[in-house]
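Me: I'm new to looking at protein models. Can you walk me through this one, a feature at a time?

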Amino acid sequence: MNANPAYGLWDASVNLSDRGGRYSVGVFGKNLTDERFYAAYGEIDGFIARAQAMPTRAAFRHWGIQARLAFD
């Protein structure tokens, strides 16, 4: 079984909310340096030619907008 080399991820977010905390809106970015890694990597039947690798959503840079409304 092979292992990923060490890596680090940079995430950031900025959120704004009203004083009462009922409403908020923000933007976020995940994996800002676009570091590639795999959730699982292994050899099947002992042959390197039959290796499998499974990237996760976190392995790719992505960003978005989020809004929240608290119901009291």
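Reply: Sure. Let's start with one residue: Ile-65 lies in strand S5, which covers residues 62-69. Keep in mind that this is a predicted model.

Me: Is Ile-65 buried or exposed?

Reply: To call a residue exposed, we ask for over 50% relative accessible area. Ile-65 has 69% relative accessibility, so it counts as exposed.

Me: Which residues make up the nonpolar surface patch with Ile-65?

Reply: Its partners are Val-14, Leu-16, Val-25 and Val-27, and with Ile-65 they make a nonpolar surface patch of about 500 Å². Two elements each give two or more residues to that patch: strand S1 (12-17) and strand S2 (23-30).

Me: Let's zoom out. How many helices and strands does the protein have?

Reply: There are 5 strands and 0 helices. Going along the sequence, you read the pattern as β-β-β-β-β.

Me: And what share of the residues is buried?

Reply: For buried, the cut-off is under 20% relative accessible area. Here 11% of the 72 residues are buried. As for the surface, the protein exposes about 6000 Å², with carbon and sulfur atoms supplying 56% of it.

Me: Back to strand S5, then. His-62 is in there too. Is His-62 buried or exposed?

Reply: His-62 counts as buried, because its relative accessibility is 13%.

Me: Which residues does His-62 touch, leaving out those up to four places away in sequence?

Reply: With those set aside, His-62 touches Phe-28, Gly-29, Lys-30 and Arg-57. There is also a polar contact to look for: a polar atom of the His-62 side chain lies 3.0 Å from the backbone oxygen of Phe-60.

Me: How do I read separation along the chain against separation in space?

Reply: Take the C-alpha atoms of two residues and put both separations side by side. His-62 and Asp-34 are 28 residues apart along the chain, while their C-alpha atoms are separated by 8.6 Å. For Phe-37 and Ala-6, the values are 31 residues in sequence and 9.3 Å in space, C-alpha to C-alpha. For the whole protein, look at contacts between residues at least 6 apart in sequence: 50% of them join residues at least 24 apart.

Me: Where is Phe-37 found?

Reply: Phe-37 sits in the loop between S2 and strand S3 (40-44). At 7% relative accessibility, Phe-37 counts as buried.

Me: Which other residue could I look up in that loop?

Reply: Try Asn-31, which also lies in the loop between S2 and S3. Asn-31 is buried, since its relative accessible area is 1%. Not counting residues up to four places away in sequence, Asn-31 touches Leu-9, Trp-10, Asp-11, Ala-58, Ala-59, Phe-60 and Arg-61. A polar atom of the Asn-31 side chain also lies 2.9 Å from the backbone nitrogen of Glu-35.

Me: Last one: which element has the lowest mean pLDDT, and which the highest?

Reply: Strand S4 (residues 47-54) has the lowest, at 56, and S1 has the highest, at 97. Across the protein, the average pLDDT is 81, and 71% of the residues score at least 70. Where pLDDT is low, don't read the predicted coordinates in detail.

Terms used:
Residues are numbered from 1 along each chain as its sequence is written. This is a predicted model: local features need pLDDT of at least 70, side-chain atom pairs count only at pLDDT 80 or more; totals for chains, interfaces and linings use all residues. Side-chain values use heavy atoms; hydrogens and water are left out. Helices (H or I, at least four residues) and strands (E, at least two) are DSSP runs, numbered from the N terminus. Buried means under 20% relative accessible area, exposed over 50%, partly exposed in between (1.4 Å probe, protein chains only). Contact means heavy atoms within 4.5 Å. Accessible areas come from the Shrake-Rupley method with a 1.4 Å probe; for residues, only the protein chains shown count as cover. Patches are made of residues with over 30% relative accessible area and no salt bridge: like charges are joined within 9 Å, nonpolar side chains (Val, Leu, Ile, Met, Phe, Trp, Tyr) within 5 Å. A salt bridge is a side-chain nitrogen of Lys or Arg within 4 Å of a carboxyl oxygen of Asp or Glu. pLDDT is the predictor's confidence in each residue, from 0 to 100. A polar contact is a pair of N or O atoms within 3.5 Å; within protein, one must be able to donate a hydrogen and the other to accept it, and residues adjacent in sequence count only if both atoms are side-chain atoms.
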